[in-house]
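Student: I have just opened this structure and would like a guided tour. Could you take me through it step by step?

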Amino acid sequence: MKKDNQVFDNVLDLIGNTPLIKLNTITESLKGKYFAKVEAFNPGHSSKDRIALYIIEQAEKKGILKPGDTIIETTSGNTGFSIAMVSIIKGYNCILAVSSKSSADKIDMLKTMGAKVYVCPAHVSADDPRSYYQVAKRLHEEIKGSVYINQYFNELNIDAHYSSTGPEIWNQTEGKITHLVACSGTGGTISGTAKYLKEQNPNIKIIGVDAYGSVLKKYHETREFDEKEIYPYRIEGLGKNLIPSATEFDVIDEFVKVTDEESAHTAREIAKTEGLFVGYTSGAAMQAVKQLNDDEVFGPNDVVVVIFPDHGSRYMSKIYSDKWMNEQGFFDSIHEEAAESIEHIK
């Protein structure tokens, strides 16, 4: 229980009530006012803290989870960290099936938090027995007293954000929000937040961010699952090669696709202009805002909230590594390699 004197019973009391921070420099040339919902202020440094705590507590209330049980989940990293953190406090074992696309930093963090980690190949179909979906299912069948969270098809994922993120944004903007821009992976964050906001004001526009190589945008527009849309991409926690039932497509007005390269550079730009050290998907969300401005979607009086899902520390071996950026071919004539800013005194 949260206390007025800022003394807390445990780390879980710090989940939620993240700040809304006005963006100033990076949005100077853009129409409207822009605010970032900075989810890195959660104790597990991402929005996934919300769903981990909510889903586990709902399972406890229903008697599905009992002391000493094992929680199993598929994750690109953030959900796994949050579940591992909640499991430590509540006394559960934690097993995570992780995509090989996850950064080494994330995988090391999961092991540090006491989780048993299975790293599964990222670029296989969802029904391949090696995929993290199938590995998690198999482990759940094999381990007695285990519970499979299954965030991609768990409607509690939506409920967690409907009951927290949505009301927080509505109150923080005093009901003045006109647009929400949020990345879509499992779809829980955007769906739950959008559902609440649309109930308060159906005119609020909800814009989802998708990756090239993912099926979500086309499915939203056509309701057809097109395997031809699928190909490997680098952004973690954004887009999908299946259709998650935790995405309520009807509450999303449109999707915007962003590239790996531009999203990476925009994340680095956020750090250098706003002093916010954010993750890859935050760069993707901000990149979508730039593209929407190019299409003149926003007006001068609009109030745009952009969800920044996690912290940049999860990507030190990726987008914040000049070596990795160079290996991906992300430094070019437009985005020159960062100037050397470290001097070694001999």
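**A guided tour in questions**

Student: What is the strand order of the open sheet of 4 strands?
Tutor: Happy to help, and keep in mind that this is a predicted model. The 4 strands pair in parallel, and neighbours are turned by 20° against each other on average, direction ignored. Read across the sheet, the order is E5-E4-E3-E6.

Student: Which are the edge strands of that sheet?
Tutor: Look for strands that pair on one side only. The strands that fit are E5 (116-120) and E6 (146-148).

Student: How many bridges join strand E3 to strand E4?
Tutor: E3 covers residues 70-75 and E4 covers residues 93-99, and the two run parallel. As one example of how they line up, Ile71 stands opposite Cys94 in E4. The number of bridges between E3 and E4 is 6.

Student: At about what angle does helix H3 run to E5?
Tutor: H3 is made of residues 104-112 and lies across E4 and E5. Its angle to E5 is about 155°.

Student: Which helix gives the most to the largest nonpolar core?
Tutor: This core has 40 residues, and Val181, Phe308 and Ile319 touch the most other members. Several elements each supply at least two residues, including strand E7 (179-183), strand E8 (205-211), helix H9 (260-274) and helix H11 (322-327). With 7 residues, the element that gives the most is H10.

Student: Which residues does Val181 touch?
Tutor: Here we leave out residues up to four places away in sequence. Among the partners are Ala285, Ala288, Val289 and Leu292. The others are Ile207, Val209, Phe298, Val304, Val305, Val306 and Ile307.

Student: How many residues are in the other core, the one with Ile56 and Met85?
Tutor: That core lies apart from the largest one. Its members include Leu96 and Val98 as well as Ile56 and Met85. Its residue count is 27.

Student: Is Leu197 buried or exposed?
Tutor: Leu197 lies in helix H7, residues 188-200. Setting aside residues up to four places away in sequence, Leu197 touches Gly166, Ile169, Trp170, Ile177, Leu180 and Ile204. Buried means under 20% relative accessible area. Leu197 has a relative accessibility of 0%, so it counts as buried.

Student: How far apart are the C-alpha atoms of Leu197 and Lys218?
Tutor: Along the chain, Leu197 and Lys218 are 21 residues apart. In space, their C-alpha atoms are separated by 24 Å.

Student: Why does the salt bridge between Glu60 and Lys90 tie together separate parts of the sequence?
Tutor: The closest N and O atoms of Glu60 and Lys90 are 3.2 Å apart. Glu60 lies in helix H1 (residues 48-61) and Lys90 in helix H2 (residues 78-90), so the pair joins parts that are some way along the chain from each other. Glu60 is partly exposed at 25% relative accessible area, and Lys90 is partly exposed at 26%. The separation in sequence is 30 residues.

Student: Are Lys106 and Glu236 buried or exposed?
Tutor: Lys106 and Glu236 form a salt bridge, with their closest N and O atoms 2.8 Å apart. Lys106 is in helix H3, while Glu236 is in the loop between helix H8 (216-222) and E9, 130 residues apart. Both Lys106 and Glu236 are buried.

Student: Which residue forms a salt bridge with Asp260?
Tutor: Asp260 is in helix H9, and its partner sits in the loop between H8 and E9, 26 residues apart. Asp260 counts as buried at 9% relative accessibility, while the partner is partly exposed at 29%. The closest N and O atoms are 3.2 Å apart, and the partner is Arg234.

Student: How far apart are the end C-alpha atoms of H9?
Tutor: H9 has 15 residues, and at 1.5 Å a residue they should span 21 Å. The distance in the model agrees with this: 21 Å.

Student: What covers the buried residues of H9?
Tutor: The buried residues of H9 include Ser263, Ala267 and Ile270. Just after the helix, Gly275 takes a positive phi of about 70°. The cover over the buried residues includes strand E1 (20-22), E9, H10, E10 and H11.

Key. Residues numbered from 1 in each chain as written. Predicted model: local features only at pLDDT ≥ 70, side-chain atom pairs only at ≥ 80, totals over all residues. Heavy atoms only, no water. Core = buried A, V, L, I, M, F, W, Y, C linked by side-chain atoms within 4.5 Å. Buried < 20%, exposed > 50% of the residue type's maximum accessible area, 1.4 Å probe, protein only. Contact = heavy atoms within 4.5 Å. Pairing = 2+ DSSP bridges. Axes fitted to C-alpha atoms, helices over the stretch in contact; angles between N-to-C directions. Salt bridge = Lys/Arg side-chain N within 4 Å of Asp/Glu carboxyl O. Expected span 1.5 Å × (residues − 1).
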